[in-house]
Amino acid sequence: MLSLLSFSTILAVIGLGLVAWDASQNNKQPARVLLGLGLVVAAVTWRLWTGVGVWGTLTGLSIDIGLAFLAGGFVLARRETQPSAFYALSALGFGAALAFGALGYVFDPAPIAGDEAAPETSVEDTYESFLLELGPDDEITEVLPLLEQYQARYERAFPEVTLIEDENLARFFLIFVPRDLKEKLMDLLRDDLENVDTVEGNERVEWLTPVQRAGLGYYESETELRVNDPRVSEQWGFDAMGGHAAIALLDDLEPARKARVAIVDTGVDAAHEDVRDVFTRGSARTDENGHGSHCAGIAGSVANNGIGIASLNLDGRFIEVSGYAALGADGFGTMEQIAQSVIDAAEDDADVISMSLGAFGPFTPKVLTDAIAYAQRRGAIVVASAGNSNIDAYNHYPSNIEGVIAVAAVDQRLDKARFSNTVGSLTRPIAAPGVDILSLKNGGDYIQKSGTSMAAPMVAGLLGVMRALQPDLSAEDAYEMLVAFGQEVQDSEQVGRVIRADAVLAAMLVPAL
Amino acid sequence: MQITGTVRYLDLEGGFWGIVAEGGRKLLPIGGVPSHLQRDGQRVRATVEATHVMSTRMWGEPVRVTAIQAH
């Protein structure tokens, strides 16, 4: 929207103002008219040069014309000269702006010249990419000479996000540059404070082949089992968060609707026997890595289906699970892919986005912050793992991003897991079981894994059920309920309270009982 | 940056290899540790560069290893 009013608007208003001023004078001066018309031509040229896409440019041009004739009309009216022709042309300009704006909104064409020249593949062998965010009033053409000098090409990072939907994400570009020139070009762009807001890396990340670990022994539940899933007795974490009692509360309930829990990870094995009946949406229906499938099972595997494990998704009635490949099947991912997955999940109307990934660094990537803010504005509750370095998660993203529920892991004694980062310094800390957690293995089997990655989807699953019962539940209210009905433990100062599904759901269901 | 440290197997997130440098700094090699050095407790000398990446491991500082050998 910021591009709609610009320098060209000022030029056009002054230009037509001068023309109108001259028209109202008895003593006509051709030079004044010429100057005014020259300014109008300059305004049109400026708009055409800097406009964002066809529809954006036409919309901006129409607004310039509408405002300029309106200003001219005011001048004529002040000089007691008939202004109706200027007002009519002004109305025409505004009408055209509305029409072009609507057309742009409907058709949403790739708005930046040069998109067509972008490479078909995301990264060539000799090229590497990074992310560039332009300033609010800046265009890619302003840095194009520098890009060309460094043999760089560009494409919009998130072409489906319009300026109207999110003016931050719409201004991110993927820049492809020869590997040996990348650092120099990034430095030069960082120095371009006039046109550039952010320059961030977009390196690929490797994920090693998962290794099955020997369990420390199965947790023996003393709780009455409420579901018929054969391996539920091995799920100490489900029991520890009050899963069985929660299932008892949900037994005769019909949710207001199914909640959508998005697993932003390595994809999900959508054919796995314990999740296939609730898998929906998302492009990542396979998972050659296994990490995403494990998380998906924790959040939403079908409970009481006589198969495998349980989650809070009783009979598959409360949650539908979707997968988004933030990390590729080969285990690599980029910042752009992660942000894109968050955007995709948000645009698929995810109620909860579960992110069992992250990194540690002094600067949180702005592209990630913007993508999460975009999802939050669309109503998604974003949950992220706190990280596994046994340090303060203050600099661990995305769990440190504003509004994100940061999940630490606890062990079978409900102590902080030895590896878990602490979340006491963050704004929305919470804890959940994250040691020796049994869940889905891609390909159809089951496997135990440990990590804060396992704790986050446990929280995401509970939030999903809460949204299923109360679809208008805000992220803030949901988090406050997790805390208010969570279990205070010895390490709560470091990891927050441990979630209690039974207490939260009982509180939500009291009015209905 | 040149470091010396110890290769460690991290039994997290399915399992992976990291390096704990002298002084306790945890380093997560992008691309992993070469298979012939994948032994818990293996001493190594390496040249690494800090990098800006994300992963499911969420352990240590991600680094790109440009050279590594047993020490």
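**Exercise 1. Find the exposed side of helix α13 of chain A, then its buried side and what covers that side.**

Step 1. A:Glu476, A:Asp477, A:Glu480 and A:Ala484 are the exposed residues on one side of α13(A). A residue is exposed if 12 or fewer other C-beta atoms lie within 10 Å of its own, buried if 20 or more do, and partly exposed in between, with C-beta atoms placed from the backbone. Helices (H or I, at least four residues) and strands (E, at least two) are DSSP runs, numbered from the N terminus.

This is a predicted model, in which local features need pLDDT of at least 70 and side-chain atom pairs count only at pLDDT 80 or more, while totals for chains, interfaces and linings use all residues. Residues are numbered from 1 along each chain as its sequence is written, and chains are lettered from A and ligands numbered from 1 in the order in which they are written.

Step 2. The helix covers residues 475-484, and its buried residues are A:Ala475, A:Ala478, A:Tyr479, A:Met481 and A:Leu482. Viewed down the helix axis, these buried residues fall within an arc of 155 degrees, so they line one face of α13(A). The arc is that of the directions from the helix axis to the C-beta atoms. An α-helix has 3.6 residues a turn, so residues three or four places apart point the same way.

Step 3. The cover over the buried residues of α13(A) includes helices α11 (366-377), α12 (452-469) and α15 (501-509) and strands β9 (381-385), β11 (405-410) and β12 (429-433), each in chain A. Contact means that the C-beta atoms of two residues, placed from the backbone, lie within 7 Å.

**Exercise 2. Decide whether helix α8 of chain A is enclosed or open.**

Step 1. Helix α8(A) spans residues 243-250, and six of its eight residues are buried, so the rest of the structure largely encloses it.

Step 2. The buried residues are A:Gly243, A:His244, A:Ala246, A:Ile247, A:Leu249 and A:Leu250.

Step 3. Among the elements that cover them are α7 (236-240) and α15 of chain A.

**Exercise 3. Describe the two open sheets of chain A.**

Step 1. One open sheet has four strands, with antiparallel pairing, in the order β2-β3-β1-β4 (chain A). Two strands pair if DSSP finds at least two bridges between them. The edge strands β2 (153-156) and β4 of chain A each pair on one side only.

Step 2. Strand β1(A), residues 127-134, pairs with β4(A) over five bridges in the antiparallel sense. Opposite A:Leu131 stands A:Glu200 of β4(A).

Step 3. Helix α6(A), residues 182-191, lies across β1, β3 (172-178) and β4 of chain A and runs at about 155 degrees to β4(A). Helix α11(A) also lies across β1, β3 and β4, running at about 105 degrees to β4(A). Axes are lines fitted to C-alpha atoms, for helices over the stretch in contact, and angles run from 0 to 180 degrees between N-to-C directions.

Step 4. Another open sheet has six strands with parallel pairing, in the order β6-β5-β7-β9-β11-β12 (chain A). Its edge strands are β6 (319-325) and β12 of chain A. The twist from one strand to the next averages 30 degrees.

Step 5. In this sheet, β11(A) and β12(A) pair in the parallel sense over five bridges. A:Val410 has A:Pro433 in β12(A) as its bridge partner.

**Exercise 4. Place A:Gly443 in its hairpin.**

Step 1. The loop between β13 (437-440) and β14 (446-449) of chain A holds A:Gly443. The two strands pair in the antiparallel sense over four bridges, and A:Ile437 stands opposite A:Lys449 in β14(A).

Step 2. The hairpin has five residues between its strands, and A:Gly443 takes a positive phi near 105 degrees there. With 12 C-beta neighbours inside 10 Å, A:Gly443 counts as exposed.

Step 3. A:Gly443 and A:Ser293 are 150 residues apart in sequence, with 9.5 Å from C-alpha to C-alpha.

**Exercise 5. State how confident the model of chain A is.**

Step 1. The average pLDDT (the predictor's confidence in each residue, from 0 to 100) is 87 for chain A, and 89% of the residues score at least 70.

Step 2. Residues 108-124 of chain A stay under 50, as do residues 205-220 of chain A. Where pLDDT is low, the predicted coordinates should not be read in detail.
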